[in-house]
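Student: Could you take a close look with me at the charged pairs in this one, and then at the place where the domains touch? I'd like one connected walk-through.

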Amino acid sequence: MKRDTELLHRGDKPREWYGAVNPPVIHASLYSFGSLQEYLDAGEGKIKHYVYERLANPIREVLEEKIAFLEKTEDALALASGMAAISSTLLAFLRTGDHFLVVSCVYGPVRAMADGILREMGIETEYFDAAEAANLAPRIKPNTRMIFLESPGSLTFDIQDLRAAARVAKEHGVLTAIDNTWATPLYQNPAEMGIDLVIHSGTKYIAGHSDLLLGLVAGPKELLARVRQVARLLGGTLSPDDAYLAIRGLRTLPLRMERHQSSALKVARWLEGRPEVREVLHPGLPSFPGYELAKSQMSGYSGLFSFRLQPRGEAARHRFVDTLLELFHLGYSWGGYESLIMPFIRYYTNDPELRAALGIDDDTYRISIGLEDPDDIIACIEKALAAWAQA
Ligand SMILES: Cc1ncc(COP(=O)(O)O)c(C=O)c1O
């Protein structure tokens with residue numbers, strides 16, 4: 001059976017659900033027992049019985065089975081947000097005295113966590129450039145515990161060599177984790193390339209409708225058991241209603257991703273031909289520095305990319321963005337049905353060195369291409385560029 005067919009039905013049990021083709025949403029904080037024996041047997045793990053919502057809920061298990069299937073891993077865990085997934089993973093494995101290697105293009109709050117709580121706990125974080133992932137051996141120390149990757153990065157889409165990073169990590173007994181949100185489990189399966197833990201902000205494409213937060217971790221059973229244990233203590237539990245919506249999102253994920261992919265490539269190619277545009281940063285364009293590596297690791301592209309306009313000053317920026325709002329939304333997330341623009345003006349302004357290293361400036365914009373007709377998207381950007389030129 002093809003993957004997209006199996007995804008639709010995997011983990012579903014209509015016969016146990018009164019014939020319903022979708023899982024029932026069970027609202028429960030507690031699950032009661034029918035006898036003292038049942039209570040004792042459940043406590044000793046002799047029978048499968050739900051106990052308490054923070055530990056497990058039937059609908060989350062359906063979602064987790066579908067994610068493990070997509071990521072080709074033994075197990076998966078669904079949590080209340082992408083950051084719940086990331087923080088639970090880091091706190092499950094990092095201890096005082098450990099050395100933590102993190103790609104410099106990583107999602108901002110991961111940096112905030114490493115430079116804040118983790119540093120205070122005595123964990124030393126060292127950032128490396130995305131290109132260095134091809135040979136991380138010189139960075140490894142005797143106390144290096146984990147390498148954290150995000151490929152493509154979600155600002156300028158820097159690609160890291162996942163196979164090479166996994167190989168070096170294995171040689172040195174170091175764990176690897178990746179934020180795989182951009183590619184989705186449809187277009188990149190890092191576990192197949194040797195990465196241990198695969199994390200998603202399912203808030204983005206998997207949920208797909210900008211109406212919930214979702215975090216996912218996929219990997220081998222043994223490692224997931226540890227993340228699950230920490231996640232239960234931290235309490236970032238995914239609600240059954242949001243688990244339901246996430247499963248509904250998965251039903252159309254392959255269809256939506258095809259449209260995000262084709263529309264974004266169309267818009268990116270169009271932007272590349274415009275004189276107002278200095279550079280387009282999209283891993284699917286041959287002009288993109290990581291194009292070949294991206295092609296060797298991913299089977300498709302999502303709808304999020306960035307572009308740089310010629311410098312033209314503040315008034316032009318306002319005209320450009322405000323004209324885009326006829327169709328685009330302006331905001332920070334991505335991966336929803338709606339097209340969205342995010343200017344980098346406010347990003348890492350307190351760290352000009354990092355800003356420069358990440359290739360971010362005031363005339364660089366990130367767009368998330370939604371499910372609208374791509375011709376309408378292009379017409380809107382064309383109008384915004386005309387307004388920009390007149391400023
Ligand atoms: C690449 C990436 N990873 C992780 C996250 C965090 O996910 P969440 O907002 O679901 O906690 C985000 C959110 O924007 C993100 O863009």
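Tutor: Sure. Let's start with E53 and R60, whose side chains meet in a salt bridge with an N to O distance of 2.8 Å. Both ends are out of the solvent by the usual cut-off: E53 is buried, and R60 is buried too. Keep in mind that this is a predicted model, so treat each distance as a value computed from predicted coordinates.

A second pair has a similar setting. E276 forms a salt bridge with R274, and their closest N and O atoms are 2.8 Å apart. Here again, E276 and R274 are both buried.

Now go to K266 and D375, which form a salt bridge with the closest N and O atoms 3.0 Å apart. This one links distant parts of the chain: K266 sits in helix α9 (residues 240-272) and D375 in helix α13 (residues 374-390), 109 residues apart. Are these two buried or partly exposed? K266 has a relative accessible area of 38%, so it is partly exposed. D375, at 44% relative accessibility, is partly exposed as well. Both values fall between the 20% and 50% cut-offs, which is why neither residue counts as buried or as exposed.

Salt bridges can also join up into something beyond a pair: R278, E279, R308 and D361 are linked in a network of them. Over the whole structure, the search finds 24 salt bridges.

So where do the domains come in? The domain assignment gives domain 1 as 3-13 + 56-249 and domain 2 as 253-390. Their C-alpha centres lie 25 Å apart. In terms of contact, 36 residues of domain 1 touch 39 residues of domain 2. Together the two domains bury about 3,200 Å², with 63% of that on carbon and sulfur atoms. W182, Y187 and Y205 stand out, supplying 28% of the area that domain 1 buries against domain 2, more than any other three residues.

And how many salt bridges cross that interface? Zero, by the rule used here. There are polar contacts, though: 19 residue pairs between domain 1 and domain 2. On the domain 1 side, the elements giving two or more residues are α1 (3-9), α5 (108-120), α6 (162-171) and α7 (184-187). Of these, α7 gives the most, with three residues. That side of domain 1 divides into 17 nonpolar, 13 polar and six charged residues.

Note on methods
Residues are numbered from 1 along each chain as its sequence is written. This is a predicted model: local features need pLDDT of at least 70, side-chain atom pairs count only at pLDDT 80 or more; totals for chains, interfaces and linings use all residues. Side-chain values use heavy atoms; hydrogens and water are left out. A salt bridge is a side-chain nitrogen of Lys or Arg within 4 Å of a carboxyl oxygen of Asp or Glu. Buried means under 20% relative accessible area, exposed over 50%, partly exposed in between (1.4 Å probe, protein chains only). Helices (H or I, at least four residues) and strands (E, at least two) are DSSP runs, numbered from the N terminus. Domain bounds come from an automatic or database domain assignment. Contact means heavy atoms within 4.5 Å. Buried area is the accessible area (1.4 Å probe) that two parts lose on being put together, summed over both. A polar contact is a pair of N or O atoms within 3.5 Å; within protein, one must be able to donate a hydrogen and the other to accept it, and residues adjacent in sequence count only if both atoms are side-chain atoms. Ala, Val, Leu, Ile, Met, Phe, Trp, Tyr, Cys and Pro count as nonpolar, Asp, Glu, Lys and Arg as charged, and the others, Gly among them, as polar.
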